[in-house]
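Trainee: Could you take me through one part of this protein slowly, as I am new to reading structures? I would like to see how its helices pack and what lies around them.

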Amino acid sequence: MLPSEAELQLLFASLNNRYFNGAVPDCRLAYNERFSNSAGRITYGRKPLLVELSPKHFRKYPEALEETLLHEMVHAWCYDRFRDTGHGANFRRKMRECGLTSIYHDLGHMRPGKESSRRYILRCESCGFELLRRRIPSKLASCRRCNHRRYDPRFQLTIHEIVETRPVDGALRQAASAARRR
Ligand SMILES: [Zn+2]
Ligand SMILES: [Zn+2]
């Protein structure tokens, strides 16, 4: 059974103490039933930060939930400290301190999608319009649907990180063919 959202908050608090000295800023934790290819994601453009997890995945792979939550917490911590949203040096250093070995969510039986795939959604919270991007945009943008003439802070696009996952099938096949080549 999946932990309730209240139980997620308790898990968050205990991970926060164990690995961050309590320095991860408050996050709202929620499940998002609409996720099909993402294990989790974090939204930066709001307070508190929003961390969403895929109930679909974690019903199947409950053992992977803590690691995914921890991954998103490292993002929240990096964002709070350095305004850094990527998987660069800051992220990796902290990630290793937390005992995570990969920037990807290793879902136990899941493997990450291709590194080249698009990782970010820019979303207008007002009308729901979404854009997919490979990189984090370098400047703030607002929704062109809600105001097509100029930048409008009321319709600022929020950034969601997507963490792709892929069923074990593909990863196993790759491992098998790599082994054969050796
Ligand atoms: Zn990430
Ligand atoms: Zn809009």
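Mentor: Happily; here is a walk through one pair of helices, the core they belong to and the loops that follow them. Keep in mind that this is a predicted model.

Let's get our bearings. The protein chain holds 5 helices and 6 strands, and along the sequence they come in the pattern α-β-β-β-α-α-α-β-β-β-α. Of its 182 residues, 27% count as buried. Among contacts between residues at least 6 apart in sequence, 54% join residues at least 24 apart.

Now to our pair. Two packed helices are described by the angle between their axes and the distance between the axes. Here, helix α1, residues 5-20, packs against helix α3, residues 65-82, at an angle of about 60°. Their axes are 11 Å apart, and the crossing is right-handed. On the α1 side, the contact is made by L11, F12, L15, N16 and F20; α3 brings E66, L69, L70, M73 and W77. Sort these residues by class and you get 8 nonpolar, 1 polar and 1 charged.

Next, look at the largest nonpolar core, which has 24 residues. The members that touch the most others are C27, V51, M73, V74 and A76. You have already met M73, in the contact between α1 and α3. Five elements each supply at least two residues of this core: α1, β1 (27-31), β3 (49-53), α3 and α4 (89-97). Among them, α3 gives the most, with 8 residues.

C27 is a good place to pause. Leaving out residues up to four places away in sequence, C27 touches F12, P48, L49, L50, V51 and A76. F12 is also part of the contact that α1 makes with α3. Apart from this core lies another one, of 5 residues, including C124, C143, L157 and I159.

Finally, follow each helix of our pair into its loop. Most residues other than glycine have a negative phi, and most peptide bonds are trans. N21, in the loop between α1 and β1, has a positive phi of about 60° although it is not a glycine. R83, in the loop between α3 and α4, also has a positive phi, near 55°. Are these two residues buried or exposed? A residue counts as exposed if 12 or fewer other C-beta atoms lie within 10 Å of its own. N21 has 8 such atoms within 10 Å, so N21 is exposed. R83 has 8 as well, so R83 is exposed too.

How values were computed:
Residues numbered from 1 in each chain as written. Chains lettered and ligands numbered in written order. Predicted model: local features only at pLDDT ≥ 70, side-chain atom pairs only at ≥ 80, totals over all residues. Axes fitted to C-alpha atoms, helices over the stretch in contact; angles between N-to-C directions. Helix = DSSP H or I, 4+ residues; strand = E, 2+ residues; numbered from the N terminus. Left-handed = near helix turned anticlockwise from the far one by under 90°. Contact = placed C-beta atoms within 7 Å. Nonpolar A, V, L, I, M, F, W, Y, C, P; charged D, E, K, R; others polar. Core = buried A, V, L, I, M, F, W, Y, C linked by C-beta atoms within 7 Å. Buried ≥ 20, exposed ≤ 12 C-beta atoms within 10 Å, placed from the backbone.
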